[in-house]
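Q: I'd like a close look at one part of this model, followed outward into the empty space around it. Could you take me through it at an easy pace?

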Amino acid sequence: MSTYFISDIHGCYKELKILLEKSCFNDQKDYLWIAGDLVSRGPDSLSVLRYLYSLKNRVQIVLGNHDINLIAVYSGIKRNKKENYFDEFLVSSDSLKLINWLRRQSILKIDEERKIIMSHAGISPQWDINTAKVCALEIEDCLSNINYSLFLKSMYNNSVNFWTLDLNQLDRLRYSINSFTRMRYCYPDGRLNMFCKKSPNFVQYPLRPWFLMPSNISKIYSIFFGHWSSLKGSYIPKPFFSLDAGCCWGGELTMLRWEDKKWFSQPFLSK
């Protein structure tokens with residue numbers, strides 16, 4: 001039995017299947033952990049979701065910002081854009097089944113035995129691990145609730161970028177969504193910068209990558225994240241594992257096998 005880590009598939013179904021074959025992934029005994037952004041940008045989000053749905057308990061997923069965007073588009077909260085490549089999904093006969101499955105996926109995964117943490121964008125440097133668990137559970141409860149669309153209507157807000165214990169419930173949820181699914185850079189006081197996407201090689205003080213900020217999470221944990229394709233070639237210290245190599249932008253889909261720390265990659269093919 002092996003455990004594989006991957007992120008930001010972004011509808012690149014052909015590349016995903018080739019990569020799994022290269023790595024000898026066995027869907028009867030191995031496990032696939034995915035750090036979000038299953039859909040959008042690439043050409044075949046529907047096939048990606050159908051395949052992952054078929055894996056049942058062999059796949060462990062945390063939602064990314066593009067996955068939440070698909071749920072919002074499906075529910076009519078956000079407008080479908082051409083670059084999403086959602087048209088085929090939205091008219092498919094199994095779209096409701098897949099959306100209901102998708103919105104019940106996790107925001108945060110923690111394996112205490114192996115000391116592994118996975119989220120899409122990362123973990124706020126202002127949180128300890130118990131706070132992160134509570135904040136993730138709040139989001140998961142909202143998305144899995146029958147009234148999830150009411151939550152999505154009020155979720156998007158770039159101004160909620162600093163964590164304090166006296167945030168009201170709505171702002172606490174907004175901050176948590178921003179941290180788990182959209183965060184890249186922080187200011188020295190811990191505030192999130194919600195706009196800069198550049199490589200750290202081209203960004204100067206006061207912005208710092210979230211994973212270089214002082215942290216309340218013990219270094220005994222290995223932290224897996226995606227979301228940030230421009231990190232390739234940047235300094236990323238242990239215990240952090242960046243999984244996004246920008247496949248949908250013409251880069252690669254990359255995957256790590258945990259047991260022997262071997263990396264596998266598959267270049268983007270074509271749309």
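How are α3 and α5 oriented to each other, and why?

A: Happy to, keeping in mind that this is a predicted model. Helix α3 covers residues 65-74 and helix α5 covers residues 95-102. The two pack at an angle of about 135 degrees, and their axes are 10 Å apart. Angles over 145 degrees would count as roughly antiparallel and 65 to 115 as roughly perpendicular, so α3 and α5 are oblique to each other. Their crossing is left-handed.

On the α3 side, the contact is made by Asp67, Leu70, Ile71 and Tyr74. Facing them from α5 are Ser95, Leu96, Ile99 and Leu102. By residue class, this contact has 6 nonpolar, 1 polar and 1 charged.

Helix α3 also leads us to the largest pocket, where α3 gives the most to the lining, with 4 residues. Both α3 and α8 (169-181) supply at least two residues each to that lining. The pocket holds about 790 Å³ of space, and 34 residues line it. Nearest its centre lie Arg41, Asn65, His66, Lys197 and His227. The lining is a mix of classes, with 10 nonpolar, 13 polar and 11 charged residues.

For a companion view, turn to the second largest pocket, with about 270 Å³ of space. Its lining consists of 16 residues, and Ile236, Phe241, Ser242, Leu243 and Trp263 are the closest to its centre. Here strands come into play: β10 (240-242) and β11 (252-257) each supply at least two lining residues, and β10 gives the most, with 3. The classes in this lining are 9 nonpolar, 3 polar and 4 charged.

Finally, there is enclosed space to consider. The count comes to 1 cavity of 30 Å³ or more, and the largest cavity holds about 30 Å³ of space. Pro43, Asp44, Ser45, Leu46, Tyr85, Glu88 and Phe89 form its lining. Helices α2 (45-54) and α4 (87-90) each supply at least two of the residues that line this cavity. Sorted by class, the cavity lining has 4 nonpolar, 1 polar and 2 charged residues.

To return to your starting point, α3 takes part in the oblique packing with α5, and α3 is also the element that gives the most to the lining of the largest pocket.

Notes:
Residues are numbered from 1 along each chain as its sequence is written. This is a predicted model: local features need pLDDT of at least 70, side-chain atom pairs count only at pLDDT 80 or more; totals for chains, interfaces and linings use all residues. Side-chain values use heavy atoms; hydrogens and water are left out. Axes are lines fitted to C-alpha atoms, for helices over the stretch in contact, and angles run from 0 to 180 degrees between N-to-C directions. Angles under 35 degrees count as roughly parallel, over 145 as roughly antiparallel, 65 to 115 as roughly perpendicular and the rest as oblique. A crossing is left-handed if the near helix is turned anticlockwise from the far one by less than a right angle, and right-handed if clockwise. Contact means heavy atoms within 4.5 Å. Ala, Val, Leu, Ile, Met, Phe, Trp, Tyr, Cys and Pro count as nonpolar, Asp, Glu, Lys and Arg as charged, and the others, Gly among them, as polar. On a 1 Å grid over the protein atoms alone, a cavity is a set of points where a 1.4 Å probe fits but cannot get out, and a pocket is an open set with protein on both sides within 12 Å along at least five of seven lines; lining residues have an atom within 4 Å of a point. Grid points are joined across faces, edges and corners, and a volume is the space filled by probe spheres set on the points.
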